[in-house]
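The exercises below are meant to be worked through with the sequence and the model side by side. Each one sets a task and then follows it with a solution in steps.

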Amino acid sequence: MSVVGDSTGMGSGVQEQRASLTQGEVLPISSSSQSEASYEGIKHTRSVLNSLFSGALAGAVAKTAVAPLDRTKIIFQVSSARFSAKEAYKLIYRTYLKDGFFSLWRGNSATMVRVIPYAAIQFCAHEQYKELLGGYYGFQGKALPPVPRLVAGSMAGTTAAMLTYPLDMVRARMAVTPKEMYSNILHVFVRISREEGLKTLFRGFTPTILGVIPYAGLSFFTYETLKKLHAEHSGRLKPYSYERLAFGACAGLIGQSASYPLDVVRRRLQTAGVTGHTYGTILGTMKDIVSEEGVIRGLYKGLSMNWVKGPIAVGISFTTFDLTQILLRKLHQMGYT
């Protein structure tokens with residue numbers, strides 16, 4: 001009641017002020033309008049920073065958890081060796097015996113350098129695209145309709161991939177080479193630039209973008225859709241942690257299965273300089289893989305491992321992001337941020 005009364009009084013006051021103005025006078029901006037605009041700006045900035053931090057933490061936790069499986073998958077993807085769960089286990093065990101336990105995380109430092117900005121940008125961009133599309137379609141603050149929901153995820157993934165691609169290239173190189181070849185991340189950049197040219201840092205860029213559109217789109221779409229359906233059927237707006245993990249696992253399973261052949265192609269292109277192969281175009285690479293190894297054993301090599309690794313990673317990632325966002329909001333309400 002009091003809010004309505006104040007706003008009515010304010011409105012009549014402004015009208016009287018405008019009526020009394022003579023030509024050439026300028027209506028001063030009210031202090032309440034300035035403070036409201038300032039508050040909205042601070043609120044938006046805080047939202048962006050929260051999304052960036054939550055996304056960075058989500059990516060780091062998820063990728064570290066599955067790093068040994070991810071490294072094993074890449075090694076099989078870039079070689080012509082036949083993949084099986086038994087062979088994957090043997091590779092992990094041999095690596096452990098030869099180089100020690102922490103060698104299973106070789107290349108994870110490069111992964112962190114890439115995945116922290118990638119995940120931060122992707123999650124933050126997704127929140128911004130949701131807000132933008134929500135305002136455009138008249139769904140501000142509500143769940144987006146299916147098509148804009150899919151578009152928001154695809155745009156977020158594409159934005160993140162475009163801004164962090166060279167780091168993905170470096171991570172792939174470090175995963176498939178011995179320690180003696182590249183001593184650290186900077187060394188990879190220097191050697192590739194000197195020996196293969198700067199363009200090599202963007203080899204595999206096109207299949208990455210083509211792959212990330214369905215992957216990110218379907219991942220975010222599936223996760224957001226499952227949360228929406230859960231809220232409608234359970235009456236609870238916030239799922240439990242194990243429910244978030246399950247929703248994320250489903251999202252990862254669907255997203256990665258849809259884009260997997262392009263993931264194999266990009267890894268082949270990225271590591272061609274150290275594996276002795278020469279690959280040209282996307283279609284040419286696919287043709288070579290199919291002719292040498294077959295469709296299933298070539299383009300879908302390591303997919304079964306991805307069905308283990310992917311859902312775990314995506315589930316952890318989405319859950320960590322949501323829970324960190326909730327924690328940051330609670331801390332702000334308590335006056336700690």
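**Exercise 1.** Find the residues that Ala67 contacts when its neighbours within four places in sequence are left aside, and decide whether Ala67 is buried or exposed.

*Solution.* Leaving aside the neighbours within four places in sequence, Ala67 is in contact with Leu104, Trp105 and Asn108. The model in which these contacts are found is a predicted one. The next step is to place the residue, and Ala67 lies in helix 3. Its relative accessibility is 4%, and because buried means under 20%, Ala67 counts as buried. A last step looks further along the chain: Lys309 is 242 residues away from Ala67 in sequence, yet the C-alpha atoms of the two are separated by 9.0 Å.

**Exercise 2.** Carry out the corresponding steps for Pro311, asking which residues it touches and whether it is buried or exposed.

*Solution.* Begin with the element, which for Pro311 is helix 12. Not counting residues up to four places away in sequence, Pro311 touches Gly248, Ala249, Leu253 and Asn306. For one of these, Ala249, a distance can be added, since its C-alpha atom and that of Pro311 are 3.7 Å apart although the two residues are 62 residues apart along the chain. With a relative accessibility of 12%, Pro311 counts as buried.

**Exercise 3.** Describe the largest cavity by its volume, its lining residues and the helix that gives the most to that lining.

*Solution.* The structure holds 1 cavity of 30 Å³ or more, and the volume of the largest cavity is about 690 Å³. It is lined by 38 residues, of which Lys63, Arg114, Tyr118, Tyr215 and Gln256 are the closest to its centre. Among the elements that give two or more residues to this lining are helix 2 (31-65), helix 5 (108-137) and helix 9 (241-275), while helix 8 gives the most, with 8 residues. Sorted by character, the lining divides into 17 nonpolar, 11 polar and 10 charged residues.

**Exercise 4.** Work out which helices supply the lining of the second largest pocket, and how that lining divides by residue character.

*Solution.* The second largest pocket has a volume of about 360 Å³. Its lining consists of 15 residues, and those closest to its centre are Arg71, Lys98, Asp99, Thr177 and Pro178. Helix 3 (67-77), helix 4 (85-99) and helix 6 (146-176) each supply at least two residues, with the largest share, 5 residues, coming from helix 4. By character, the lining holds 5 nonpolar, 3 polar and 7 charged residues.

Note on methods: Residues numbered from 1 in each chain as written. Predicted model: local features only at pLDDT ≥ 70, side-chain atom pairs only at ≥ 80, totals over all residues. Heavy atoms only, no water. 1 Å grid on protein atoms, 1.4 Å probe; cavity = no way out; pocket = protein on both sides within 12 Å on 5 of 7 lines; lining within 4 Å. Points joined across faces, edges and corners; volume = space filled by probe spheres on them. Helix = DSSP H or I, 4+ residues; strand = E, 2+ residues; numbered from the N terminus. Nonpolar A, V, L, I, M, F, W, Y, C, P; charged D, E, K, R; others polar. Buried < 20%, exposed > 50% of the residue type's maximum accessible area, 1.4 Å probe, protein only. Contact = heavy atoms within 4.5 Å.
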